[in-house]
4 protein chains.
Amino acid sequence: MMNFISETHVRVRYGETDQMGFVYYGNYALYFEVGRAEAMRKLGMTYREMEEKGVYMPIAQMNVKYLKPGRYDDLLTIRTIVSQVPTSRMVFDYEIYNEEGILLCKGNTVLAFIKYSNHRPCPAPDWFLERLLPYTN
Amino acid sequence: MMNFISETHVRVRYGETDQMGFVYYGNYALYFEVGRAEAMRKLGMTYREMEEKGVYMPIAQMNVKYLKPGRYDDLLTIRTIVSQVPTSRMVFDYEIYNEEGILLCKGNTVLAFIKYSNHRPCPAPDWFLERLLPYTN
Amino acid sequence: MMNFISETHVRVRYGETDQMGFVYYGNYALYFEVGRAEAMRKLGMTYREMEEKGVYMPIAQMNVKYLKPGRYDDLLTIRTIVSQVPTSRMVFDYEIYNEEGILLCKGNTVLAFIKYSNHRPCPAPDWFLERLLPYTN
Amino acid sequence: MMNFISETHVRVRYGETDQMGFVYYGNYALYFEVGRAEAMRKLGMTYREMEEKGVYMPIAQMNVKYLKPGRYDDLLTIRTIVSQVPTSRMVFDYEIYNEEGILLCKGNTVLAFIKYSNHRPCPAPDWFLERLLPYTN
């Protein structure tokens, strides 16, 4: 088990809303992506480096619960949580709050590790697991 | 229980791919939306009419499993399945296939019925349930 | 000079609207892309093949005039016009109409031809120009 | 004439790239929107307030020149310039730079002022013009 939490912010763009006046449900995937990217940056690396080192992390699963609508110009807080040590897969949990601290949306994504050279699944790279070590129980 | 199945097609746009060379995971939400919209059209009404009659259907949940990558210019088949009679919620299941008949992605969404006048949940409108009657066991 | 016109259709998705209740202005770039892709398909090839043959066509310029709003579920007609023989650049003009035949939007894009192998501009490939020959004055 | 310049930053999301490995050309419209929104915030109001006061600002024109590709995870600088006092229209110019200071893209948008109550064009509201006064020559 492990316990790593990262918080980052995004402001809702007009183009991310729909005619209901709320954030379009598919656009939370972009916010989750921002949450993941900033979580990795906080761990001392970037997803861009991961790809440059020949490992891709496509999404295998996504689950989302929409609790309250997000609105244009809301400054959202994305809380990204890693609670399982990655194996050949990595789970990220997300909670998205608005400025009033209301939980708008929660969800998770499961990502695979894929070696670029042979397009095959591979375990999480050692150098990446080392970054997670301080957060491992 | 009920059994309604609708099939429709979308062609993957360049802007829906990402630098991995595949359809970006969040864009399947748009394809699910197309599947839902065409399923409703096949039932003899449109989601646009639903809103014009004062009922909104925001998304409450989405779950997606990504099995194989979708690629630029693929002509996808979206299979949309309704197997539960709607109450105050409605479940749509989706399967997305490419031209070779390979299942790329499956998922579901749970939608709520919301009355526009008071922004409160409401049961599925009678006139909508009537359209589903022929497919009910 | 040349004269090639292609027409294709897209239906406006909910996720392509914004809280003003209209198609978000940036999403017309996706419709232009659909127009271009179908124009090329009508010429007997696809943009996917172009890339497979080692030529990329990034966008160098886009100009758009928004005349009337597009709305959710509108079945749009995209008219794509090629009136100049491509050199190292290719110009596409677009007109987008709704079902009532009202012109919503017009614009153009200028695309470059780039050889993948050396990332350098190149002239339009001969096999592509041959496809355009029947439409050349 | 006037002279107001605002700078803000966005980080390129994975979902904003396409399979060419660059930012999809249509997504610069989102970056321009961020530039505009932050320019207005810097002037002491927000576009959200504009709408709440009954004035909408739909886009009438957009022109973009793509000079160099934007890439995933680039931290872009959006420079937004207002050099003409708004009348019933308002022009924003944009320049987008990457971290190396290379100009990737420049463009402009023309926005209309529309009164929500009657859906008719109107002049820029006085309270808005007052905010611009310090920057007017």
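In the next few minutes I will go through the fold of one chain, the way the copies meet, and the sheets that the strands form.

Please keep in mind that this is a predicted model, in which local features need pLDDT of at least 70 and side-chain atom pairs count only at pLDDT 80 or more, while totals for chains, interfaces and linings use all residues. Residues are numbered from 1 along each chain as its sequence is written, and chains are lettered from A and ligands numbered from 1 in the order in which they are written.

Let me start with chain A, which has 3 helices and 8 strands, where helices are DSSP runs of H or I with at least four residues and strands are runs of E with at least two, numbered from the N terminus. Along the sequence the pattern reads β-α-α-β-β-β-β-β-β-β-α. The radius of gyration of chain A, taken over C-alpha atoms, is 16 Å, close to the 14 Å of the globule rule (2.2 Å times the number of residues to the power 0.38) for 137 residues, so chain A is as compact as a globular protein of that length. Of those 137 residues, 39% are buried, meaning that 20 or more other C-beta atoms, placed from the backbone, lie within 10 Å of the residue's own.

Turning to the copies, chain A is superposed on chain B by a rotation of 180 degrees with 0.0 Å of shift along its axis, at an RMSD of 0.0 Å, the fit being by least squares on the C-alpha atoms of residues with pLDDT of at least 70 in both. That is the relation of a two-fold axis, and the residue of chain A that comes closest to the axis is A:Asn63, at 2.2 Å by its C-alpha.

How do strand E3 of chain A and strand E3 of chain B pair? Both span residues 59–66, and they pair in the antiparallel sense over 5 bridges, where pairing requires that DSSP find at least two bridges between two strands; A:Met62, for instance, has B:Val64 as its bridge partner. Strand E3 of chain B is also joined by 7 bridges to strand E6 (residues 103–112) of chain B, again antiparallel, with B:Lys65 partnered by B:Lys106.

Finally, in chain D, 3 strands form an open antiparallel sheet in the order E2-E7-E8. Strands E2 (55–56) and E8 (120–121) stand at the edges with a single partner strand each, so one side of each is left without a neighbour in the sheet. Between E7 (residues 114–115) and E8 there are 2 bridges, and D:Lys115 stands opposite D:Arg120.

How values were computed
Buried ≥ 20, exposed ≤ 12 C-beta atoms within 10 Å, placed from the backbone.
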